[in-house]
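This report introduces a protein structure to a reader who has not met it before. Please keep the sequence and the 3D view at hand while reading.

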Amino acid sequence: MKVWSIGVLFLLTSVQFPQFAQSQDSVQEVPPEKSAYQKVDGIFKYAVDAIEQVLFYRLGKGEQHYILFERATSYTRAPGSNGVYTSFDGQVLAVDQVQVFSARGELLEGHTISGEQKNYRLGNLNDKPVEYVTIKQSSAEGSVKYGTRFAYDSTTKTYRIIHKKRNLLGEETVSQVVVDEWNSNGWLKQVDEPVAGQPSYLLSRPVGGIPFVVAWLACGAVFFTLYMQGFNFWGFGHALAIVTGKYDNPAEAGEVTHFQALSSALSATIGLGNIAGVTIAMTLGGPGAFFWMLLCGLLGMCTKFVECTLGLKYRTVKPDGTVLGGPMRYLKVGLDEMQLGILGSILSFVFAIMCVLASFGGGNMLQANQAGSAMLQMFQQDALDEYSELNDNIKAVALANDTAQMQELQSLRNMKKTAIDTYERNFKIIYGVILAGLVGVVIIGGIKRIASTACRIVPTMCLIYSAACLFIIIKHITLVPELVVQIFQEAFTGNAMGGGIVGVLVVGVQRAAFSNEAGAGSAAIAHSAAKTEEPIREGCVALLEPFIDTIVICSMTALVILITGAWDNQQWIVEQGLQGSALTSRAFKAEISWFPLVLSIAVTLFAYSTIISWSYYGERAWESLFGLRTTGLYKILAVICVFIGTIVNLGSVLDFSDMMILGMAFPNIAGILLLSPKVKKDLFAYWKRYKAGEFKTYS
């Protein structure tokens with residue numbers, strides 16, 4: 001619970017207990033001293049918040065007014081004591097009662113002190129240190145829980161409940177009379193700076209609108225599709241012919257085949273975005289959100305075509321046959337040809353910095369962390385199920401006020417937790433060493449070894465995942481037409497967090513942008529290494545990526561989620577708190593009991609392939625900044641980051657680096673917008689030669 005919440009809670013208790021209010025006492029929270037890591041993480045959090053203000057600034061956003069129910073009672077005692085807690089009106093709360101409230105989930109989370117989660121918080125009362133606990137309470141009739149939010153409807157003058165897990169408006173309402181009563185009792189959170197003429201309990205938050213970075217990516221995709229005259233549609237067949245190797249000339253410069261370049265680029269994008277992203281989109285925006293994911297994927301094909309064409313057009317083939325290409329090159333060299341050398345150098349430098357940071361974090365440590373967690377869960381599933389069952393039992397006996405039984409079960413739970421934590425620490429160290437070693441072996445070999453590995457992992461896992469999806473879809477084939485109609489209908493009539501069609505559209509576009517990374521420029525680095533002298537040809541191969549990533553794989557995931565009803569399953573989403581990949585796994589389990597095990601392995605392999613591909617991206621960006629001789633240092637750092645990412649929870653450090661992936665879109669799209677006339681000219685010259693039958697075939 002944040003600092004402002006504590007302040008509000010004690011303001012509310014001052015209203016509830018006149019004796020306390022008259023003495024004008026107040027408890028000021030005193031958080032425990034932060035560790036060195038927490039201080040570093042805090043610095044990154046400031047950076048993340050600042051970047052978020054730019055990247056996710058919502059264009060066309062609205063405002064929602066709401067109230068927040070926060071009825072609570074607080075109790076204090078001397079710090080370090082084992083005695084009872086006393087409320088401001090003299091009520092006493094014993095330690096075992098505190099444990100009961102904690103087991104019920106009715107106690108505000110305490111501080112973490114010396115790495116251990118406590119029931120209590122630290123604070124000052126009348127300039128003296130105290131420990132205190134805060135008990136969450138329901139409304140007088142017990143129907144409204146602590147932390148419940150109600151959106152204000154100015155038309156009906158009523159308040160509609162906002163469901164906590166899904167952030168959607170429900171049907172339950174309360175009247176102004178009830179709200180006034182709650183406020184008089186001090187049960188509503190108050191605004192920090194009241195607005196004249198507006199109730200002090202009426203809070204507000206921005207809703208709707210479209211994040212700036214998503215609008216930037218979406219507008220770029222629309223422009224390139226129109227400017228290239230829909231080449232993503234009429235060039236699709238030729239792209240398929242290229243990737244089969246029909247035009248592969250082994251004598252041409254480059255390091256990998258068209259198929260290997262495609263596999264390398266796909267390995268960096270296919271993963272949790274396809275497994276979890278679709279589910280997130282539909283739980284937030286309903287089935288209609290997926291329609292906008294599809295549309296964004298189709299339009300993103302032309303963005304990939306343009307950036308990857310430029311990647312090969314302006315690449316440098318070094319004397320040893322290795323390649324340096326991507327936005328670092330075409331932003332600098334291409335814009336220099338247009339007498340925009342200074343702008344090109346700035347955009348190239350900014351992109352390279354962001355790419356290196358993104359490769360260490362979002363493309364490396366985050367993936368290692370996810371892979372380790374997936375594998376750990378697979379090996380610890382039985383122990384985790386037993387721990388979860390113990391938690392349920394503890395809550396049940398706590399509700400029955402059976403303190404003795406509760407303490408006995410808590411002792412068993414603590415033993416189980418210790419065993420789980422010990423296993424987790426040991427597992428992550430061993431797993432981190434193994435994963436780091438496997439990554440090191442591949443990335444030291446360069447793009448050829450990366451591509452060779454990726455072209456085995458990606459197709460295999462895609463086939464396994466697709467086979468499971470198709471099994472479920474075929475099993476329920478009679479439902480598919482109805483579900484497809486539902487997707488299209490709700491794309492224009494559905495409800496989302498932001499409200500109406502705009503909210504559905506935003507959710508869909510945002511998840512698609514995060515899934516296929518069209519516009520980020522990363523794929524152009526992999527495609528620039530292809531064995532071809534025809535930039536347009538490699539651009540054609542690249543436009544298949546969003547199609548495979550978003551249109552094919554995400555579509556199958558969406559149908560599975562709709563068939564199983566996972567997107568709107570209240571028990572899974574609200575009661576069990578499942579979301580993202582966990583909710584997707586639960587949906588598969590409902591149809592194929594053993595498939596979550598395969599899914600865990602798939603997540604691990606997808607994460608591994610993403611790490612090796614992003615390590616190559618980062619290495620090329622590093623080389624453009626610091627030179628070829630220093631790339632060995634980058635590889636060492638990349639391998640170390642794999643190990644660190646596996647064993648450490650990096651918090652805001654990862655949030656920062658993950659945002660760098662989106663940040664790469666700003667210099668990249670700005671540059672390719674300026675360079676797109678060159679691509680269009682090359683495209684139609686190439687197509688003229690293709691139609692004239694000038695291209696030699698080899699298979």
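The sections below treat the chain as a whole, then a sheet, buried helices, a surface patch and salt bridges.

## Overview of the chain

The structure is a predicted model. Its protein chain contains 27 helices and 17 strands. Of its 699 residues, 53% count as buried.

Contacts in the protein chain often span long stretches of sequence: among those between residues at least 6 apart, 78% join residues at least 24 apart. The surface that the protein chain exposes amounts to about 30500 Å², and carbon and sulfur atoms supply 59% of that area.

## A six-stranded open sheet

Six strands make up an open sheet with antiparallel pairing, in the order β1-β9-β10-β4-β5-β6. The edges are taken by β1 (27-29) and β6 (92-93); each has a single partner strand, so one side of each is left without a neighbour in the sheet.

Strand β4 (residues 72-77) has six of its six residues buried, so the rest of the structure largely encloses it. The cover extends to both faces of β4: A72, S74 and T76 are buried on one side, and T73, Y75 and R77 are buried on the other. With strand β10 (residues 128-136), β4 pairs in the antiparallel sense over six bridges. Within that pairing, T76 has Y132 in β10 as its bridge partner.

The pairing of β4 with β5 is also antiparallel and runs over two bridges. Here Y75 stands opposite S87 in β5. Strand β5 (residues 85-87) in turn pairs with β6, again in the antiparallel sense and over two bridges. The bridge partner of T86 in β6 is V92.

## Buried helix α20 and residue H527

Helix α20 (residues 535-542) is mostly covered, with eight of its eight residues buried. These residues are P535, I536, R537, E538, G539, C540, V541 and A542.

H527 lies in helix α19 (residues 522-527). Is this residue buried or exposed? H527 counts as buried because its relative accessibility is 0%, under the 20% cut-off. Apart from neighbours within four places in sequence, H527 is in contact with A261, L262, A265, C308, L312, E538, V541, A542 and E545. Among these contacts, E538, V541 and A542 also appear in the list of buried residues of α20. The side chain of H527 also makes a polar contact with the side chain of E545, at 2.2 Å.

## A nonpolar surface patch

Which residues form a nonpolar patch on the surface? They are I342, I346, F349, V350, I353 and L357, and together they have about 530 Å² of accessible area.

One of them, I346, is found in helix α14 (residues 341-399). I346 has a relative accessible area of 47% and is partly exposed. As a general point, an α-helix has 3.6 residues a turn, so residues three or four places apart point the same way.

## Salt bridges

Side chains of opposite charge can pair when their charged atoms come close. The count of salt bridges in this model comes to 14. In one of them, the side chains of E337 and K678 meet at 3.3 Å, N to O. This pair links distant parts of the chain, for E337 is in helix α13 (residues 327-337) and K678 is in helix α27 (residues 665-691), 341 residues apart. Both partners are partly exposed, with a relative accessibility of 46% for E337 and 25% for K678.

Another salt bridge joins E386 and K416, whose closest N and O atoms are 2.6 Å apart. E386 lies in helix α14 and K416 in helix α15 (residues 403-444), so the pair ties together parts that are 30 residues apart in sequence. E386 is partly exposed at 40% relative accessibility, and K416 is partly exposed at 23%.

A further salt bridge is formed by E619 and K635, with their closest N and O atoms 3.7 Å apart. E619 belongs to helix α24 (residues 595-626) and K635 to helix α25 (residues 631-647), 16 residues apart. E619 counts as buried at 5% relative accessibility, and K635 counts as buried at 17%. The two residues are part of a network of salt bridges that links E619, R620, E623 and K635.

Notes
Residues are numbered from 1 along each chain as its sequence is written. This is a predicted model: local features need pLDDT of at least 70, side-chain atom pairs count only at pLDDT 80 or more; totals for chains, interfaces and linings use all residues. Side-chain values use heavy atoms; hydrogens and water are left out. Two strands pair if DSSP finds at least two bridges between them. Helices (H or I, at least four residues) and strands (E, at least two) are DSSP runs, numbered from the N terminus. Buried means under 20% relative accessible area, exposed over 50%, partly exposed in between (1.4 Å probe, protein chains only). Contact means heavy atoms within 4.5 Å. Accessible areas come from the Shrake-Rupley method with a 1.4 Å probe; for residues, only the protein chains shown count as cover. Patches are made of residues with over 30% relative accessible area and no salt bridge: like charges are joined within 9 Å, nonpolar side chains (Val, Leu, Ile, Met, Phe, Trp, Tyr) within 5 Å. A salt bridge is a side-chain nitrogen of Lys or Arg within 4 Å of a carboxyl oxygen of Asp or Glu. A polar contact is a pair of N or O atoms within 3.5 Å; within protein, one must be able to donate a hydrogen and the other to accept it, and residues adjacent in sequence count only if both atoms are side-chain atoms.
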